[in-house]
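I opened this model to look up a few things and note them down as I went. The entries follow in the order I made them.

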Amino acid sequence: MEAINHLPFIVGAYAAAFVVIAGLIAWVMLDFRTQRRALADLEMRGVTRRSAVERPQRPMAEAEEKV
Amino acid sequence: MTSLGALLIRDMRLAVRVGGGALIGVLFFLVVVTLVPFAVGPDLALLKRIGPAVLWLAALLASLLALDRLFAVDHEDGSLDLLLMSKTPLELVVAVKGVAHWLTTGLPLVVAAPLIGLLLNLDAAAQAGLVLTLLVGTPALTFIGMIGAAIAVALRRGGLLLAVLVLPLTVPVLIFGVAAANAVLLGAAPFGTPFTILCALSLASLVVGPFAAAAALRQEIE
Amino acid sequence: MSLVDLANPSRFLKFANRALPWLGGVTVIAFAFGLNQAMGAPDDYQQGATVKIMFLHVPSAWLGMLAWGIMSIAALGTLVWRHPLADVAAKAAAPIGAAFTLLCLVTGSLWGRPEWGTYWVWDARLTSELVLFLLYLGVIALWRTVEDPSRAARAAAILTLVGAVDLPIIKFSVDWWNTLHQGASVFRLGGSTIYPTILMPLLVMAVAFTLLFVTLHIAAMRNEILRRRVRTLRLMQAQATS
């Protein structure tokens, strides 16, 4: 058992962890950018949420909104 | 209670008449077991060794195959909505449907198992053990599977998703079913422990299955 | 700001925008500290340097279970209170939990190669982790099959709760099955007592991983809320034009 060089496996495990975690972070960030662009695009075309217009007068409306 | 009895008889009649497809499960069971020797070779000693496992796997797949009909057909023709609106508690309705489904698809597998076991060189004691484990274990497969069937009821092409959702949940049943059957075959381990745990799993699924499936049906159809 | 306020999606977005940079910063610091400790940890007398893989393997396994726990709590929120934010929390947790379970499997098999001489053994821990991974994939498949988000949430919630009931049973039966089949030859973590020099980095890494999970989860929830807004707006737009 001592004959096996352990280093490649340790490096491999840390590399795998790096890849998985970096992948998650990239997924979250790219997704965020996509959604924000889509929202900005819709707003540019004048499509807005009702609650965004009425917000200052009716704080309760915000609480009842659906996601 | 008469309404539940009527439902039981109706479901069983629908399953065995033309187009019901109850016996296709047994046919599938037979075909899967027949395929195994072609894959692993005709070595009778080996087949005997893996026989209980093969029969259990085939029974698992066969009972899964028929599951997507459990609620989907009633959903298509609208009778599921009537069942939802009826005064009888939905949990009981779902449980009765599960029993009817087991009687028409699970029980035939149990009956056919000794005949098919002959093909795999199982002796009489192993046959008896296998039939007993299947008799006790297949209700668990039906009642765990009915949760998946209820979740997938409103989906187009729910069948494949149903398999993906249900199969991992049946791991314990498979483990203890095969363990008990193997205990008879090999005589190395005690039969009682895995068998009683298998009974416990079946009883627990009899309770959990209808409640979860009824909840899923209520959530999906409204 | 109380928890009740956070239950409102817009307030949650504001909270997420404010909290995420801080959480990210703390996570980076925790990882720097944990990795530093992990590199400095002595080799185990039995397993040599491969014990360093444990600092990744155990926290990943922990997060895999934590994510299912969070999904179960969120499932209760979905079914009992019909709360949209619970739907969002459940959906956002699934891919993250699946990713960490996968990481647990990968690091476990890389650990197993030098220890057991093979990449995969049907060891009780690895096997139940594999079943957990399959259940995660099933939940994700369900989320991707149902188009309407709130209906998908309710279906996924029931599956999550059934899984939460079944997971301990699976764990128990896999343990039983494993002792029946092999027993010896498998090394056990609990067998040798963990030395403080190894326990300390492990705890720090567990904290760092948990912080990472919280950060990712909140960020993914924010994305999901935005995705639903985009969906609602597109539907409104489609209705307005038709």
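**Chain C, overall.** I began with contacts in chain C between residues at least 6 apart in sequence; 81% of them join residues at least 24 apart. I keep in mind that this is a predicted model. I looked for secondary structure next and found 7 helices and 0 strands in chain C. Along the sequence the pattern reads α-α-α-α-α-α-α. Chain C has 242 residues, and 54% of them count as buried.

**Where chain C meets chain B.** I looked up the size of this contact. About 2,200 Å² is buried between chain C and chain B, and carbon and sulfur atoms give 79% of that area. Arg151(C), Ile158(C) and Trp176(C) lose the most area to chain B on the chain C side, together 23% of what that side buries. The contact draws 26 residues from chain C and 25 residues from chain B.

How many salt bridges cross the interface of chain C and chain B? I got 0 by the rule. For polar contacts between the two chains, I got 1 residue pair, with both residues at pLDDT 80 or more. I then asked which helices of chain C supply the touching side. α5 (124-145) and α6 (149-181) of chain C each supply at least two residues to it. α6(C) gives the most, with 16 residues. By residue type, the chain C side splits into 18 nonpolar, 4 polar and 4 charged.

**Helix α4 of chain B.** I moved to residues 69-77 of chain B, which form α4. Leu70(B), Phe71(B) and Asp74(B) are buried there. Viewed down the axis of α4(B), the buried residues fall within an arc of 65°, so they line one face of the helix. Glu76(B) and Asp77(B), on the other side of α4(B), are exposed. I checked what covers the buried residues of α4(B): the cover includes α1 (2-16), α3 (44-67) and α10 (192-220) of chain B, among others. Just past α4(B), Gly78(B) has a positive phi of about 90°.

**Gly51(B).** I found Gly51(B) in helix α3 of chain B. Is Gly51(B) buried or exposed? Its relative accessibility is 0%, so Gly51(B) counts as buried. Setting aside neighbours within four places in sequence, I see Gly51(B) in contact with Leu120(B) and Leu122(B). I also took a C-alpha distance: Gly51(B) and Leu64(B), 13 residues apart along the chain, are separated by 20 Å.

**Salt bridges.** I counted 13 over all chains by this rule. I followed Asp11(B) through two of its pairings. Asp11(B) meets Arg10(B) at 2.7 Å, N to O. With Lys97(B), the closest N and O atoms are 2.9 Å apart. Lys97(B) sits in helix α6 of chain B and Asp11(B) in helix α1, so this pair ties together parts that are 86 residues apart in sequence. Asp11(B) is buried at 12% relative accessible area, and Lys97(B) is buried at 2%. Arg10(B), at 28%, is partly exposed.

In chain C, I noted a salt bridge between Arg231(C) and Asp148(C), with the closest N and O atoms 3.7 Å apart. Arg231(C) lies in helix α7 and Asp148(C) in the loop between α5 and α6, so the pair ties together parts 83 residues apart in sequence. Arg231(C) is partly exposed at 34%; Asp148(C) is partly exposed at 30%. My last entry is a network: salt bridges with shared partners join Asp31(A), Lys91(C), Glu224(C), Arg227(C) and Arg228(C).

How values were computed
Residues numbered from 1 in each chain as written. Chains lettered and ligands numbered in written order. Predicted model: local features only at pLDDT ≥ 70, side-chain atom pairs only at ≥ 80, totals over all residues. Heavy atoms only, no water. Contact = heavy atoms within 4.5 Å. Buried area = accessible area lost by both parts, 1.4 Å probe. Salt bridge = Lys/Arg side-chain N within 4 Å of Asp/Glu carboxyl O. Polar contact = N/O pair within 3.5 Å; in protein donor to acceptor, adjacent residues only side chain to side chain. Helix = DSSP H or I, 4+ residues; strand = E, 2+ residues; numbered from the N terminus. Nonpolar A, V, L, I, M, F, W, Y, C, P; charged D, E, K, R; others polar. Buried < 20%, exposed > 50% of the residue type's maximum accessible area, 1.4 Å probe, protein only. Arc of directions from axis to C-beta.
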